[in-house]
Amino acid sequence: MEALAEELMDELQCKTAFEIPLFGGIPISESVVVTWVIMAMILIICRILVYDMKTIPGGRQAAAEIIVLKLYGFFGDILGKNGARYIPYLATVAIYIGFANLIGLLGFKPPTKDLNVTAALSVMSIVLIEFAGIREKGVKKWLKSFAEPIPIIAPINILEVFIRPLSLCMRLFGNVLGAFVVMELIKIIVPVIVPVPFSCYFDIFDGLIQAYVFVFLTSLFISEAIE
């Protein structure tokens, strides 16, 4: 158990991959480097899918169109017509978190194990949610919405603005880290064969589920903001 605790503390540390020799040294964390790798992978896959596009789509182009249509259909059902402009951001975040949670299969440390990454994603989502509310209602009505349905609950509504990013952040971070702890415990108790199916579950299924939950809640909050 002491070894597990030490390994867990090691996972929680934000390690520096290298430093850029400017302004006394700018540290670049391991999570940032892995994110660059994920970005490169996504760009390469997108380039392969959309290369030599034609009016009558072939296999690759048809696959790309199906993915885009499915994403627009999923988010469109939640957001409605007024929220269609936010679908590209939500789809991008869903794809990134999905890749981030699956990249552990290639031997990389998932960026979502870094609290800084999940916190940044959560803050970006909440900024978008509040921006959507202001854009749809105007500043005056947006401020007035904090006093609805009755003015006495205004402090609770204001507090909710800060609670939502914390909830999104800790849900994503906690589930990814919890999956790591469970897998390490399984490896200690039953080190042979049994960890394989559990690894498939936590690294693939659970990783994709967390991406789904994050963007689903974000889109739900946007939908509430633009009602």
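Q61 is buried, at 8% relative accessibility, in this predicted model. The residue belongs to helix α3. Leaving aside residues up to four places away in sequence, Q61 touches L49, D52, M53 and K54. With that residue as a starting point, the wider architecture can be brought into view.

The chain is built from seven helices and two strands. Followed along the sequence, these elements come in the order α-β-β-α-α-α-α-α-α. The chain has 227 residues, of which 35% count as buried. Its accessible surface amounts to about 13700 Å², and carbon and sulfur atoms account for 72% of that surface. Contacts also tell a story about how the sequence is folded back on itself. Among those joining residues at least 6 apart in sequence, 66% link residues at least 24 apart.

A closer look at one loop gives a feel for such contacts. I103 sits in the loop between α4 (87–102) and α5 (115–144). Is I103 buried or exposed? At 2% relative accessibility, I103 counts as buried, because the cut-off for that class is under 20%. Not counting residues up to four places away in sequence, the residues that I103 touches are V34, V37, I38, M41, F108, P110 and P111. One of these, F108, also takes part in a nonpolar patch on the surface, together with L105, L106, I204 and L208. The five residues of this patch share about 440 Å² of accessible area. I204 lies in helix α7 and, at 36% relative accessibility, is partly exposed. Although I103 and I204 are 101 residues apart in sequence, their C-alpha atoms are 9.5 Å apart in space.

Charged side chains come next. How many salt bridges does a search of the whole structure find? The search finds two. In one of them, E160 pairs with R164, and the closest N and O atoms are 3.4 Å apart. Where do these two residues stand relative to each other in the helix? Both are in helix α6 (residues 154–189), and because they are four residues apart there, about one helical turn separates them. Their surroundings can be described too: E160 is partly exposed at 34% relative accessibility, whereas R164 is buried, with a relative accessible area of 14%.

R164 also forms a salt bridge with E224, where the closest N and O atoms are 3.0 Å apart. This pair links distant parts of the chain, since R164 is in helix α6 and E224 is in helix α7 (residues 195–225), 60 residues apart. E224 has a relative accessible area of 39% and is partly exposed. Through shared partners, the salt bridges join E160, R164 and E224 into one network. R164 has a further partner of another kind: its charged end sits over the ring of F221, 4.2 Å from the ring centre.

Aromatic rings make up the last part of the picture. The count of aromatic pairs comes to four. F74 and F75 form an edge-to-face pair, with 4.9 Å from centre to centre and 70 degrees between the planes. The two residues can be compared by their accessibility: F74 is partly exposed at 26%, whereas F75 is buried, with a relative accessible area of 1%. F74 also pairs with Y212, and here the ring centres are 5.5 Å apart. Why is the pair of F74 and Y212 tilted? The planes of the two rings are at 45 degrees, so the pair falls between the limits of under 30 degrees for stacked and over 60 for edge-to-face. This pair, too, links distant parts of the chain: F74 is in helix α3 (residues 59–79) and Y212 in helix α7, 138 residues apart. Y212 is partly exposed, with a relative accessible area of 40%. Ring pairs link F74, F75, Y212 and F216 into a cluster.

Helix α7 thus appears in several of these descriptions. E224, in helix α7, is joined by a salt bridge to R164 in helix α6. Y212, in helix α7, is paired with F74 in helix α3. I204, also found in helix α7, belongs to the nonpolar patch on the surface.

Notes: Residues numbered from 1 in each chain as written. Predicted model: local features only at pLDDT ≥ 70, side-chain atom pairs only at ≥ 80, totals over all residues. Heavy atoms only, no water. Salt bridge = Lys/Arg side-chain N within 4 Å of Asp/Glu carboxyl O. Buried < 20%, exposed > 50% of the residue type's maximum accessible area, 1.4 Å probe, protein only. Phe/Tyr/Trp six-rings, centres within 6.5 Å; stacked < 30°, edge-to-face > 60°. Lys NZ or Arg CZ within 6 Å of the ring centre and 35° of its normal. Patch = residues over 30% accessible without salt bridge, like charges linked within 9 Å, V, L, I, M, F, W, Y side chains within 5 Å. Areas by Shrake-Rupley, 256 points an atom, 1.4 Å probe, with all protein chains shown as cover. Contact = heavy atoms within 4.5 Å.
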